[in-house]
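Got your viewer open and a selection box ready? Let's take a walk through this model, one stop at a time.

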Amino acid sequence: MKRYIILLLLSSISFLSSGQTINELFKSMPSEYLPAFSEANKTMLLVDSSLSVIPYALGEIERLEYTDTFLSLKTSEVGTMQIKILPLVNNTQIVALIKTVCSSNVCDSDIQFFTNEWEEIQKNNILPTIPPSIFFDETKTDTPGFKWSVSQIDIYPLQLQFKDGSNDLQVTFNIKKHLSKQDALKIETYLAKESIDVTWNKSTFVY
């Protein structure tokens, strides 16, 4: 029932026609998502196959992966961006934009969803909240040791990426790299997994 409600909400918004490619989307992307990177820069990055790095006013942009439906960029020494066209059940499409920042080997991502006009779509309608508890061994979460270990955590960094440009997300819990070696060893005792795959079913992501 929930899926049909989401589909009804999505159908009321103007989306991509099935023939639109990543080229058109990237060129029309508002400058706020990639400041100072001009339309000429975008065209050069996509059209000239001999150039994978484009210098611009704020540094360099490196093209990492590029297909008709997917674009992965290195936007700075610590930042990356992924743009993905996702198909819907009614032969239209939406856009996913992931920005990731990595610092001291810890990566944290933010994901947004858009129509073809780069109008933002409410995230919770498409990607359910991923609780940190999904990465822990549920048989150990009521122990005093687990509760103490979790109390030492001040952030829950999640790295999101469309692995190999597919429609599915890989979500990685980067907590061990954020902690001291001693605390990381304690947390490792309670971790069941460090990454999960989140599947796109042409209306929402499910895990």
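Start with the whole chain: of its 207 residues, 42% are buried, where buried means under 20% relative accessible area, exposed means over 50%, and partly exposed lies in between (1.4 Å probe, protein chains only). The model is a predicted one, so local features are described at pLDDT of at least 70 and side-chain atom pairs only at pLDDT 80 or more, while totals for chains, interfaces and linings use all residues. Residues are numbered from 1 along each chain as its sequence is written, and side-chain values use heavy atoms, with hydrogens and water left out.

**The overall view**

Switch to a cartoon and you will find six helices and 11 strands; these are DSSP runs numbered from the N terminus, helices being H or I over at least four residues and strands being E over at least two. The C-alpha trace spans about 55 × 45 × 25 Å along its principal axes. Take the contacts (heavy atoms within 4.5 Å) between residues at least 6 apart in sequence: 51% of them join residues at least 24 apart.

**The seven-stranded sheet**

Next, select strands 1 to 7. They make an open, antiparallel sheet in the order 1-2-3-4-5-6-7, with two strands counted as paired if DSSP finds at least two bridges between them. Its edges are strand 1 (53–56) and strand 7 (120–121), each of which pairs on one side only.

Zoom in on residues 59–66 and 70–74: these are strand 2 and strand 3, an antiparallel pair with four bridges. For a single bridge to display, pick Glu65, whose partner in strand 3 is Ser72.

Now add residues 39–47. This is helix 3, which lies across strand 1, strand 2 and strand 3 and runs at about 165 degrees to strand 1. For that angle, axes are lines fitted to C-alpha atoms, for helices over the stretch in contact, and angles run from 0 to 180 degrees between N-to-C directions.

While you are here, select Glu24, which sits in helix 2 (residues 22–28). Glu24 is partly exposed because its relative accessible area is 41%. Draw a distance from its C-alpha to that of Thr43: the two residues are 19 apart in sequence and 9.8 Å apart in space.

**Two positive phi angles**

Go to the loop between strand 6 and strand 7 and select Trp118. What is its phi, given that it is not a glycine? The value is positive, about 60 degrees. Trp118 counts as buried because its relative accessibility is 8%.

Then jump to Asp164, in the loop between strand 8 and strand 9. Asp164 also has a positive phi, near 60 degrees, and is a residue other than glycine. Is Asp164 buried or exposed? Asp164 counts as exposed because its relative accessibility is 67%.

**Strand 9 and its partners**

Asp164 lies in the turn of a hairpin formed by strand 8 and strand 9, with six residues between the strands. Strand 8 and strand 9 pair in the antiparallel sense over five bridges; select Leu158 and you will see Phe173 of strand 9 opposite.

On its other listed pairing, strand 9 joins strand 10 (residues 195–200), antiparallel over four bridges. Here Gln170 has Asp197 of strand 10 as its bridge partner.

Colour strand 9 by accessibility: five of its five residues are buried. Leu169, Val171 and Phe173 are on one side, with Gln170 and Thr172 on the other, and both faces are covered.

Step along to Asn174, in the loop between strand 9 (169–173) and helix 5 (175–178). Asn174 counts as buried because its relative accessibility is 7%. Leaving aside neighbours within four places in sequence, Asn174 is in contact with Val106, Cys107, Pro157 and Gln159.

**The largest pocket**

For the last stop, select Ser109, Lys123, Ile130, Leu158 and Leu160. Of the 13 residues lining the largest pocket, these lie nearest its centre. On a 1 Å grid over the protein atoms alone, a pocket is an open set of points with protein on both sides within 12 Å along at least five of seven lines, and lining residues have an atom within 4 Å of a point.

How big is the volume of the largest pocket? It is about 250 Å³, taken as the space filled by probe spheres set on the points, which are joined across faces, edges and corners.

Strand 6 (106–114) and strand 8 (158–162) each supply at least two lining residues, and the largest share, four residues, comes from strand 6. Colour the lining by class and you get seven nonpolar, three polar and three charged residues. Here Ala, Val, Leu, Ile, Met, Phe, Trp, Tyr, Cys and Pro count as nonpolar, Asp, Glu, Lys and Arg as charged, and the others, Gly among them, as polar.

Notes: 1 Å grid on protein atoms, 1.4 Å probe; cavity = no way out; pocket = protein on both sides within 12 Å on 5 of 7 lines; lining within 4 Å.
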